[in-house]
Amino acid sequence: MRIRTTALMAAIGLAGSLLAWPADAAPNRVTATCSVTAGSVTSNGDHRAQVVTSTVPPTLTRDSKVALEVFAPGLVGLSTSLRAEPDPGGSHVSGYVVIGSGLYLTRYHAGLTAEVHHAQLTRIGGGWRDFVAVEQSVSSEDAPWRMNTYGLRSDGVLFRWTVDPNGVWRGKTSYPGFAAVKAMALISKTRTYDTFLATTHGGALYTIHIPTGTPMKPVVKLVRRATWQGFESLVATSCGSYGTLLLGIDKAAGTGYLYAVGHANGPATIILPRGKVPATFGDPVDFRWFLPIDRLFGE
């Protein structure tokens, strides 16, 4: 039996994850009902999806295994956001993971009952053992097509590579000074820049605005001075035309807290707490699921 694409998206947990307020709404309106799809690699190597909706308190809309035994238990150390491209028989999944000291491109087809087909694990390069974060930014809506991959090393150096449509990595550049960063999540991607929300070990919340030009010159702005140090992972998605739905994960406690964040504007940024999520976030590796059409414009 085959399932229509919309039904498949719901099964993965991505349907309705970009419920938007009207495009002409005020930029700082952050009261729309949206959903974020938090992904994780479980201790057994499965891929999981937890959909959290921004009601007050938040609602766990779905908790499901997208794919079973994708990796050997305990193999993956870090993951970028993963792209899920639905088709009538399942979904094509792709993204990057860190295994040991290597960065790998993982690709597979997830069937309707979470079985894995045509799995590929392609080594990109070594030297990744000391990295604490990795993310990809794919801007396909704004011409020309652009993909950048970011890696934050434990000494605070932020690296960026440009990946061409053939998968060739080039244009490596870097910028120091981010040793205080504890967690980061992509909230904007356009033809000319990427923006991350980042927490620090001291509890501050910042935006890191990174123009796509070379050399890389990030612009850092303070959003909040304190209280954000409890989150080891951040998962963010767009909420309407100008906002962000942000999930902060306290891995020590296995808890998650949801926030509606207005268009990023330094200390003037509106942040509305939605509350504690009625779910457990205890898996070793966190990431974000996204669809081929993935607009992020939180700054």
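## Close-ups of a predicted model

**View 1. Val-134 and its bridge partner.** Gly-151 in strand 10 is the bridge partner of Val-134. Strand 10 (residues 146–153) runs antiparallel to strand 9, and 8 bridges join the two. Here strands are DSSP runs of E, at least two residues, numbered from the N terminus, and two strands pair if DSSP finds at least two bridges between them. This is a predicted model, so local features need pLDDT of at least 70 and side-chain atom pairs count only at pLDDT 80 or more, while totals for chains, interfaces and linings use all residues. Residues are numbered from 1 along each chain as its sequence is written, and side-chain values use heavy atoms, with hydrogens and water left out.

**View 2. The open sheet around these strands.** Its 4 strands go in the order 9-10-11-12, with antiparallel pairing. Strand 9 (131–139) and strand 12 (169–175) are the edges, each pairing on one side only.

**View 3. Phe-231 meets Tyr-259.** The ring centres are 6.2 Å apart and the planes sit at 70°, so this pair is edge-to-face (rings of Phe, Tyr and Trp, the last by its six-membered ring, pair with centres within 6.5 Å; planes under 30 degrees apart are stacked, over 60 edge-to-face, the rest tilted). Phe-231 lies in the loop between strands 16 and 17, and Tyr-259 in strand 19, 28 residues apart. Phe-231 is buried at 7% relative accessibility (buried is under 20% relative accessible area, exposed over 50%, partly exposed in between, with a 1.4 Å probe and protein chains only). Tyr-259 is buried too, at 15%.
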